[in-house]
Amino acid sequence: MITLTIVLLLALGGLGVALAAPLLKRGSGVLAGVTMAIFALAMILAVAGFNERALIFGSLEASPLTALAVLLLSAAGFFVAWGNLARGEELWGGPGEFFAFLLWGALGGVLLVGSTNLLLFFLGLELSAYATYVLAAYDRDRKESAEGAMKYLVLGALSSAILLYGFALVYAGTGSMEFAAIRAAFLKGAPALALLGALLALVGLGFKLALVPFHAWVPDAYQGARPVAAAYLASAPKIAVGLGLAALFVRAFGPPDAVTQSLLVLALFSFVFGNLWALAQTNLKRLLAYSTIAHMGYLALGLAIGGTFGYAAAGFYLLAYLIAGGAAFFALEAAEAAGVPSTIEGWKGLFKRAPGLSVLAAIAFLSLAGVPGLAGFLAKLYVFAASAKVGLFAVLVVAVLTTVLGYYYYFRVLQAAFLEAPKEEGRLSVNPSLLALLFVLAGLSILFGVWPAGAFSGLEQAFRVLIGL
Amino acid sequence: MSYLYASHLYWIPLLPALGFLVVILLGRLFKGRSAGYFTTLVMAIVAFLASGLLVEALQAAPQWAVEGGEAVLVRPALPGFPFTFDWSWLAIQGERGVHFTLYVDQLGAIVLFMVAWASLFIHLFSIGYMDGEERYATFFAYLQLFTAAMLTFVAAGDFFIALLAWEVMGLMSYLLIGFFFKKKSAQQAMKKAFITTKFADLGFMVGLFWLYKETGTFQMVEVGQAAEHLAAGVALAIGLLFFLAAMGKSAQFPLHVWLLDAMEGPTPVSAMIHAATMVAAGVFLMARFYPVLEAGHALPYLAWVGAITALFAAVLGAAFADVKKILAWSTVSQLGYMFLGLGVFGWAAAMFHLVAHAFFKALLFLGSGSMIHGAKTQDIFEMNRLARYMPWTYGTFLIGAAALMGIPPFAGFWSKDLILHMAEEHAPLLWAMGLVAAFFTAFYTTRLIVIAFHHPSYESPWKKAPWNQGCPALNLGPEDCPPEPPPPPDHHPHESEPVMITALLGLAVFSVAVGLWGSPIFGQKLLTYLYEGAAPEILPPAKLMGGYLLGTLIALAGLFTAVALYAKDPLKQRLPDPVVAALQRRLYIDEFYYKVVARVAQWPTDLLWIIDTYVVDFLVDLTGYAVGAFGQALRWLNSGKVATYAAYIVLGAILLILGGVRW
């Protein structure tokens, strides 16, 4: 019942926010507060109902994994709503839909992760995708925003079509939309049509995860969007699809080796090329976009390995990335709000002008790079440990070497911010609510970097239940 | 049985580390003296916790009684003792992970107590002493981290953690010695201290890794158990490598050179380095490492180095005019006694001396700080009858000096004579050297008191001496290292402010109390507490009486000789110029390092520099350029055209299907 309550809370909450928005003239702060409160309530409910087991309306499964999805997605939405406080009033066309789609996007992710048939899975995926299309386009007065969002929408439609075609083939091959029946068919020996379908589904999901070669929309969409919206694009859909992929693999596909091997190849491509591309970037949003691609490669490595530990490692990766990647974008937002463009050139000497912001941003970048003591380090370590355990040493060596590239481009940002002289003088006044958000996120990075045991055992519990151990 | 303090013992090192973070991160918010008060408060809490821990350790430790010269076990240790704390990080899927292990036994508890309290008084004193200095808050932040590192080192249950704390201490000593880094001499001194101790640290690292190879563990308890199974040669080699590290940290001959120049730091730092932290760490390391030293028969090396250092430093102490330098020599010499004690099986006696010395040396250094503060000079000849103007400083300084000289019933008397007694039994020659050193100790201490506190101000006799121009020990010429100016002519000494006096009084109380605690008057309670299976020091007073008498006589002889020589005519030069020059230039050892060792060491350095620049750098740059060029080349793939992107997706899908079906 708690899971159902959460679903209703997110759906009706979104509706309420969307309806109330026109009534409030300058209500961004109020709406943000309401949205954050809804997300907080959802998180509390998810913790309370973490171990609930039920099948709702025959197609939504309440399980620890679903609760985990609620927790992570609500956290992402909570932070983005918080981050939007800085410029919510003056810049957006109207704040209502922004917050409504945050809530609905989270709802889509929850449905996607908890679904037990292909139909609900697809609906959940599309709902969460619509939220991202809208948020990417939200800054519609700016040309880049419209351009990036349009590219994203067109390519997203293409990938959804491929995914749907894949699902159709799975249905054709197995004769069922229900995960349980599909799983039984796959276990007997995957029918060729269904296998083809599963591979096409992987293409569609790979697009949402921004895996190479389905990644090309990411830099343009991130560059066009406001950093706050980019923070959402980089966290919530990844969480939903990352967890959803694990659920789909375990509940429906089995998965056959062909699928996991394909995912492994996509992972390899992503962290190699993502990191290489990121090296050459001078625009921070594009740099973070390529770094996201690389990070999703490491995540996909954990998903491809599978098993309780592999999935839990991937889950921890999502958690760490949600915190650090989000913080990096919020730092860009704070800097942009203070008039600093999101380029390496613009960030030169930022430490002299905004020391607090610089230090907190540095913690985010260090966590992304994977510096020990921060969550990002452990996330990589868990994934690498998982790949060592299953004997993927060649992949492991490549993965470790590519993280070194990551150090290069993250530290280039820090070098500009800390060691170089500022172009302009004078202290910047940084929005206090963003600074507070960055502070919280930095604290979380450190907390999970030093004491991962609590979070990790929760993740292991969720995936153990999923796998049915 | 549950222990309130022991179960939370990790707060003891953690609090000052947090204090450091708070002050260094929020430095701007600490206006005026507030950083000093804040960190002192932190230390007060730490001292409170450490006291609670010591009380619990006293209750839980095995109880011994001395009966007719034999130690008899009255009650074994309570369960849960020694106190431990273990926290692991990165212990993934059954891996061992990184362990942070704390281990507090009798010795650990008392040294933690000592460090916490001494550091508290040093913090308190610094509130007044550092007033008005630039980077006031930073200074206290450094003190905090220095203390945290020492506390971690003492509480470490794992040699690897100990090594980390040891290195942090090295860094903090570097930063604090060079606190006035605008002075050339401070820059040179900080480098000298760092390089000297760093060289010695190599011994720690090599020894530690070798030890791990042999025993497969970093845990101190396990190392102690494994020690007897080590081959004697290996144990000796590892023991000497660790001893090298201790020599550097504890300034033993010939690695003592950095300690004198560490006086470039503010005086509370000197107290910190000489009493509570740094130099005590070397001795403490040897105490923790004792099983291996014994297994490898390395103790005679300790004894010899200790005795030579004790004697040589005590003699040089008498030749200097700078109050801090005299005290620095006395530290070197007293540390020599501790190593001598360790080397002649007087483990407990050496530890007694370590704790006692920490308190009275902190007292003397802070006292000298008070003198310098009041007199505006460091030169004892330029001080002006300070006993008249600074009664509190004078009184507390006398207590510290009596402890140093070994006048009964003060601390040094009980601890030093116990070490000498052990030397008498095991190494008569070293015993004789120790006695001579004791004479000089009393001599230079009395000389310091007589001249600084009782004589009117003179023009300092050595400043203009040709051998004292510049700082030859720091490789600086006269232009880079001008002599300290004398105090302004119209300056009148004044007593220091109450916070500083409070610190002095506190340390005086502790130094007396610790001495009495270990004395036969109170049944050598401190020593029976430290007793761990073998403590030949625990003797009935009757057996020690001869040593006590001799010690007292020698101390008095030194005292009266100094009074006889300096009371009337302090300026008279009694030794020929070349001898005085040699003594004041520290027997030219420092110059030997600069002129010979440094030059010889330069050749391989130059070679490595060439390799580094032309081979390593080239390869690194090449890798970087190659990767960067590749990254640039890949950019054309992102054309920005939607059709191209869609083509990628479709192409990727086809490839996946081909690959998957082929599978």
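**Close-up views of chains A and B**

**View 1. Chain B has 25 helices and 4 strands.** Helices (H or I, at least four residues) and strands (E, at least two) are DSSP runs, numbered from the N terminus. This is a predicted model, in which local features need pLDDT of at least 70 and side-chain atom pairs count only at pLDDT 80 or more, while totals for chains, interfaces and linings use all residues. Residues are numbered from 1 along each chain as its sequence is written, and chains are lettered from A and ligands numbered from 1 in the order in which they are written.

**View 2. The C-alpha trace of chain B spans about 105 × 65 × 50 Å along its principal axes.** Its radius of gyration is 28 Å, which agrees with the value near 26 Å for a compact globule of 663 residues. (The radius is taken over C-alpha atoms, and the globule rule is 2.2 Å times the number of residues to the power 0.38.) Of the 663 residues, 54% count as buried, meaning that 20 or more other C-beta atoms, placed from the backbone, lie within 10 Å of the residue's own.

**View 3. Here chain B touches chain A, with 25 residues of chain B in contact with 34 residues of chain A.** Two residues are in contact if their C-beta atoms, placed from the backbone, lie within 7 Å. Look for α24 (589-634) and α25 (642-662) of chain B, which each supply at least two residues to this side. Helix α25(B) gives the most, with 12 residues. By class, the chain B side has 15 nonpolar, 9 polar and 1 charged residues. (Ala, Val, Leu, Ile, Met, Phe, Trp, Tyr, Cys and Pro count as nonpolar, Asp, Glu, Lys and Arg as charged, and the others, Gly among them, as polar.)

**View 4. Helices α17 (residues 391-405) and α20 (residues 498-518) of chain B pack with their axes 10 Å apart, at an angle of about 25°.** The two helices, α17(B) and α20(B), are therefore roughly parallel to each other, a label for angles under 35 degrees. Among the residues that meet here are B:Trp392 and B:Ile399 in α17(B), and B:Leu504 and B:Val512 in α20(B). The residues of this contact divide into 8 nonpolar, 5 polar and no charged.

**View 5. Now meet chain A, with 20 helices and 2 strands.** The radius of gyration of chain A is 21 Å, close to the 23 Å that the globule rule gives for 469 residues, so chain A is as compact as a globular protein of that length. Of its 469 residues, 65% count as buried.

Methods:
A residue is buried if 20 or more other C-beta atoms lie within 10 Å of its own, exposed if 12 or fewer, and partly exposed in between; C-beta atoms are placed from the backbone. Axes are lines fitted to C-alpha atoms, for helices over the stretch in contact, and angles run from 0 to 180 degrees between N-to-C directions. Angles under 35 degrees count as roughly parallel, over 145 as roughly antiparallel, 65 to 115 as roughly perpendicular and the rest as oblique.
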